[in-house]
Amino acid sequence: MSSSSKRIAVIPGDGIGPEVTAVAVKALRTVLAAGRREAEFTEFDWGAERYLRDGVSFPTGALEMLRSQFDAILFGAVGDPRVPSNQHALDILFGMRFGLDLYVNIRPCVLFDRRFTPLRDRTEADVNFVVLRENTEGLYANIGGQFKRNTPDEVALQEEVNTRKGVERILRYAFEDARTRPRKRLCMSDKSNALTHGHDLWQRVYRELRQQYADVESRHLYIDTLVMEMVRDPAQFDVIVTNNLFGDIVSDLGAQLSGGLGLSPSANIHPGHVSMFEPVHGSAPTIAGKNQANPFGAILTAGMLCDFLGWREQGDALRGAVRTALREGKCTADLGGTLGTREAGDHIAKLISH
Ligand SMILES: NC(=O)c1ccc[n+]([C@@H]2O[C@H](COP(=O)([O-])OP(=O)(O)OC[C@H]3O[C@@H](n4cnc5c(N)ncnc54)[C@H](O)[C@@H]3O)[C@@H](O)[C@H]2O)c1
């Protein structure tokens with residue numbers, strides 16, 4: 001292995017995770033070989049099977065190992081009906097997102113083919129934006145408690161955490177990202193008219209930063225207005241940045257506008273540190289093991305991993321292959337094709353190597 005070789009941890013997980021991840025790794029190996037890039041893949045068996053076997057979800061020392069021995073993590077999906085508490089999935093996913101401090105969740109919403117948007121008369125030019133979600137704070141910090149549980153007087157509290165450091169780093173990332181895009185537009189969304197403490201902090205940091213990024217055309221929308229505008233006229237958006245909860249929700253809306261779960265990739269990153277890449281969909285237990293899952297979300301996720309490692313050309317090649325396959329109708333049944341998971345993956349590999 002040369003010094004430019006990258007080390008990639010692969011965590012296929014549960015359900016359709018292993019099926020789509022196998023296809024994504026094959027596409028990745030093919031595109032890297034074609035571009036003479038080197039990577040070493042190491043697979044980990046973290047998921048429901050292992051948890052049910054020996055009680056281990058996210059092994060002790062896993063974080064340190066990922067941090068010190070890997071450049072990037074390719075993740076499938078977790079979740080299994082045999083673990084109704086979903087404990088192993090929370091340990092693994094949140095273990096990595098919070099433990100590795102992966103503060104930017106990136107969800108590109110790009111319409112590859114106009115047939116796949118539910119919006120009437122919209123084309124590829126109308127849906128091409130990215131949602132940047134704060135990924136380590138907000139309502140997902142798991143701070144709160146329950147009092148008088150299961151009584152008529154029960155009280156449940158869930159606290160929203162907003163730190164200046166956390167808000168500033170995600171907003172700064174968003175302004176920097178907007179700067180690199182042709183339209184250089186940013187929309188920050190919150191609910192500061194009602195959440196007058198936490199979201200006022202977002203407002204103040206946003207106003208400070210927009211002075212420093214005068215070349216970026218920035219504006220603010222309350223979250224309720226944002227979701228209406230995303231449906232009414234998605235073409236106005238370029239970079240959308242928001243907190244953890246709102247980002248979770250609007251990125252799913254964005255996924256639907258751009259073709260649905262089977263086509264949606266995502267990245268959880270901390271610039272300069274080991275980062276994690278996963279398709280947006282879950283483990284889809286009802287179609288697991290049937291060679292039916294759409295692997296394109298996982299392949300586009302591998303494309304984001306390439307971008308992160310500085311292999312933009314390979315990322316573009318993966319996105320180009322998916323675009324071509326969709327135009328040809330060489331895809332799985334959820335997008336109107338007739339191919340199985342493996343066959344759709346084989347077609348992508350063929351497109352890349354020609
Ligand atoms: N990041 C993750 O690992 C993640 C994310 C969401 C849900 N989950 C877990 O996944 C399990 C199932 O959750 P869910 O049903 O709410 O969400 P899901 O994304 O697994 O499935 C939602 C629907 O979309 C379909 N679908 C999903 N991915 C598809 C693909 N690649 N190709 C074709 N169809 C696809 C499924 O069959 C299902 O009808 C749960 O255990 C949940 O906790 C995990």
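In which strand is the place of T242? In this predicted model, T242 sits in strand β10, which covers residues 239-242. The protein chain around T242 has 11 helices and 12 strands, and its radius of gyration of 20 Å is close to the 20 Å that the globule rule gives for 354 residues, so the chain is as compact as a globular protein of that length. The points below turn from the whole chain to individual residues.

**Overall chain**

- Taken along the principal axes, the C-alpha atoms of the protein chain fill a box of roughly 55 × 50 × 45 Å.
- Of the 354 residues in the protein chain, 53% count as buried, while the chain exposes about 15,900 Å², with carbon and sulfur atoms supplying 50% of that area.
- When contacts between residues at least 6 apart in sequence are considered, 75% of them join residues that are at least 24 apart.
- The protein chain carries 42 positive and 45 negative charges, and the mean positions of these two sets are 4 Å apart.

**T242 and I170**

- T242 is buried, with a relative accessible area of 0%, and, leaving aside residues up to four places away in sequence, T242 touches L132, R133, E134, S189, W202, G247 and V250.
- I170 belongs to helix α5, which spans residues 164-180, and I170 likewise counts as buried, at 0% relative accessibility.
- Although I170 and T242 are 72 residues apart along the chain, their C-alpha atoms are separated by 8.5 Å.
- Beyond residues up to four places away in sequence, I170 is in contact with Y103, V104, R133, E134, W202 and V241; R133, E134 and W202 also appear among the residues that T242 touches.

**Q203 in helix α6**

- Q203 has its place in helix α6, made up of residues 198-212, and counts as buried at 12% relative accessibility, a value under the 20% cut-off.
- With residues up to four places away in sequence not counted, the contacts of Q203 are M188, D190, S192 and H220.

**I287 in a loop**

- I287 lies in the loop that runs between strand β12 (275-279) and helix α9 (296-308).
- With a relative accessible area of 27%, I287 is partly exposed, because this value falls between the 20% limit for buried residues and the 50% limit for exposed ones.
- I287 touches I16, E19, Q292 and A293, again without counting residues up to four places away in sequence.
- The C-alpha atoms of I287 and L221 are separated by 39 Å, and these two residues are 66 residues apart along the chain.

**Cysteines**

- The structure holds 0 disulfides, and for C306 the closest cysteine sulfur, in C109, is 20 Å from its own sulfur, which is too far for a bond because a disulfide requires sulfur atoms within 2.5 Å.
- C331 is also in no disulfide, since the nearest cysteine sulfur, that of C109, is 20 Å away.
- Both of these cysteines lie on the buried side of the cut-off: C306 counts as buried at 0% relative accessibility, and C331 is buried with a relative accessible area of 1%.

Methods. Residues numbered from 1 in each chain as written. Predicted model: local features only at pLDDT ≥ 70, side-chain atom pairs only at ≥ 80, totals over all residues. Heavy atoms only, no water. Helix = DSSP H or I, 4+ residues; strand = E, 2+ residues; numbered from the N terminus. Rg over C-alpha atoms; globule rule 2.2 N^0.38 Å. Buried < 20%, exposed > 50% of the residue type's maximum accessible area, 1.4 Å probe, protein only. Contact = heavy atoms within 4.5 Å. Areas by Shrake-Rupley, 256 points an atom, 1.4 Å probe, with all protein chains shown as cover. Lys, Arg positive; Asp, Glu negative; His and termini not counted. Charge placed at Lys NZ, Arg CZ, Asp CG, Glu CD.
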